[in-house]
Amino acid sequence: MAVYTSLTAADVSDLLSHFDLGELVEHSPISAGIENSNYAVTSSQGEYVLTLFEHHAPDEVRNFVRLARHLGEKDLCVPSPVEGASGVWLHSLKNKPAILCRRFTGSHPDQLSEQQCEAIGRELAEFHLASSDLPDPRHDERGYDWWQSIAPELSTDLEASDKALLTDELAFQKAQRAQWCQLPHGWIHADLFHDNALFDGDELTAILDLYNACEGAWLYDLAIVANDWCASDDSGLDPKRFEALLIGYQSVRPLSEFESGMWNTVLRGAALRFWLSRLLAARMAKSRSEELPAHKQPTEYRDRLRWHRGKSLSKG
């Protein structure tokens, strides 16, 4: 994690000259970036985050930022690019695409509460409904087809019991494929873990990192949230936080009877997806003689998948 492109005060001041945001007061690198370079920028009129896209062409940036712009216009708490004085929001800095977004207050939640789970449930439902009129959602590069194609390769890293689990779950999900396709679909966040949200106490202030947003089943997006936000020490889901999440979501978009009946299947699919993703990440880290952080180990989602396979959490 690092800032890959160094910016001087003169560099940032030159960018700010394209906006009606006052003069630069200070800027500092944000070390939490993984793919892009981010800077905290304070002007005489407010606080912002400057992002330089290290690996994407301008047209790519326009494609995956259009959702944030769409949701920002509907007043959702997402980092939407600020328009410059001439109405331009995508700029070039150090020959790289750059955007400036308002900086949100708050911090990542640590000890997750029922109130926070209810709040993220409400906002996720708003996210789904507000994005439903934005056409041409991106293809999910880590969806069902990827599960099936990557699993044989990754299974070579597994012990016999885990390999059997993976094979059986893939067969189960394949048998459920037609039912998945009947679920309400649209834009999904696809990565709304609790470290992609900001809170001030129990008040949600922002949803971050929309760069993985894509087309998918809305229930699947909710399941991704449940598997992280409601995780319990026994590798399952805490029933009180799980119920709060559903209450929050359904206060905006009630689940259909069909969706409620698909809960366990979709929770399993969401656990499978992140088990596979972390297996791939672990393999890549090993090739660099590195290790994944303790909180990103594949075994977490392997164990959650096992838990879901032994439980039925259908709720309406």
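Me: Where does G143 lie?
Reply: This is a predicted model. In it, G143 lies in the loop between α3 (114-130) and α4.

Me: Why is G143 called buried?
Reply: Its relative accessibility is 9%. Buried means under 20%. The value falls under that cut-off, so G143 counts as buried.

Me: How far is G143 from H128, in sequence and in space?
Reply: The two are 15 residues apart in sequence. In space they are 18 Å apart, C-alpha to C-alpha.

Me: What makes α4 roughly antiparallel to α5?
Reply: Helix α4 (residues 144-154) and α5 pack at an angle of about 150 degrees, with their axes 11 Å apart. Angles over 145 degrees count as roughly antiparallel. The angle of about 150 is over that limit, so α4 is roughly antiparallel to α5.

Me: Which residues make the contact of α4 with α5?
Reply: From α4 come Y144, W147, Q148 and A151. From α5 come L166, L170, Q173 and K174. By class they divide into 5 nonpolar, 2 polar and 1 charged. The crossing of α4 and α5 is left-handed.

Me: Why is α5 called oblique to α11?
Reply: Helix α5 (residues 160-175) and helix α11 (residues 298-309) pack at an angle of about 55 degrees. Their axes are 12 Å apart. Roughly parallel needs an angle under 35 degrees, and roughly perpendicular needs 65 to 115. About 55 degrees fits neither class, nor is it over 145, so α5 is oblique to α11.

Me: Which residues of α5 and α11 meet?
Reply: S161, D162, L165, D168 and E169 in α5 meet R302, L305, R306 and R309 in α11. This contact has 2 nonpolar, 1 polar and 6 charged residues. The crossing of α5 and α11 is left-handed.

Me: Why is V65 called buried?
Reply: V65 has a relative accessible area of 2%. The cut-off for buried is under 20%. The value meets it, so V65 is buried. V65 is found in helix α2 (residues 58-73).

Me: What does V65 touch, not counting residues up to four places away in sequence?
Reply: V65 touches F53, P81, W89 and Y211. As for G310, it is 245 residues from V65 in sequence and 39 Å away in space, C-alpha to C-alpha.

Me: What makes E215 partly exposed?
Reply: E215 has a relative accessible area of 30%. Buried is under 20% and exposed is over 50%. A value of 30% lies in between, so E215 is partly exposed. E215 lies in strand β9 (residues 214-217).

Me: Which residues is E215 in contact with, leaving aside neighbours within four places in sequence?
Reply: The list is P137, R138, D140, H185, G186 and I188. T156 is 59 residues from E215 in sequence and 30 Å from it in space, C-alpha to C-alpha.

Me: How do you know that the radius of gyration agrees with a compact globule?
Reply: With 316 residues, a compact globule would have a radius near 20 Å. The protein chain has 20 Å, so the value agrees. The C-alpha atoms fill a box of roughly 60 × 45 × 35 Å along the principal axes.

Me: What does the chain as a whole come to in secondary structure?
Reply: The protein chain has 11 helices and 9 strands. Of its 316 residues, 51% count as buried. Among contacts with a separation of 6 or more, residues 24 or more positions apart account for 72%.

Definitions and conventions. Residues numbered from 1 in each chain as written. Predicted model: local features only at pLDDT ≥ 70, side-chain atom pairs only at ≥ 80, totals over all residues. Heavy atoms only, no water. Helix = DSSP H or I, 4+ residues; strand = E, 2+ residues; numbered from the N terminus. Buried < 20%, exposed > 50% of the residue type's maximum accessible area, 1.4 Å probe, protein only. Contact = heavy atoms within 4.5 Å. Axes fitted to C-alpha atoms, helices over the stretch in contact; angles between N-to-C directions. Left-handed = near helix turned anticlockwise from the far one by under 90°. Nonpolar A, V, L, I, M, F, W, Y, C, P; charged D, E, K, R; others polar. Rg over C-alpha atoms; globule rule 2.2 N^0.38 Å.
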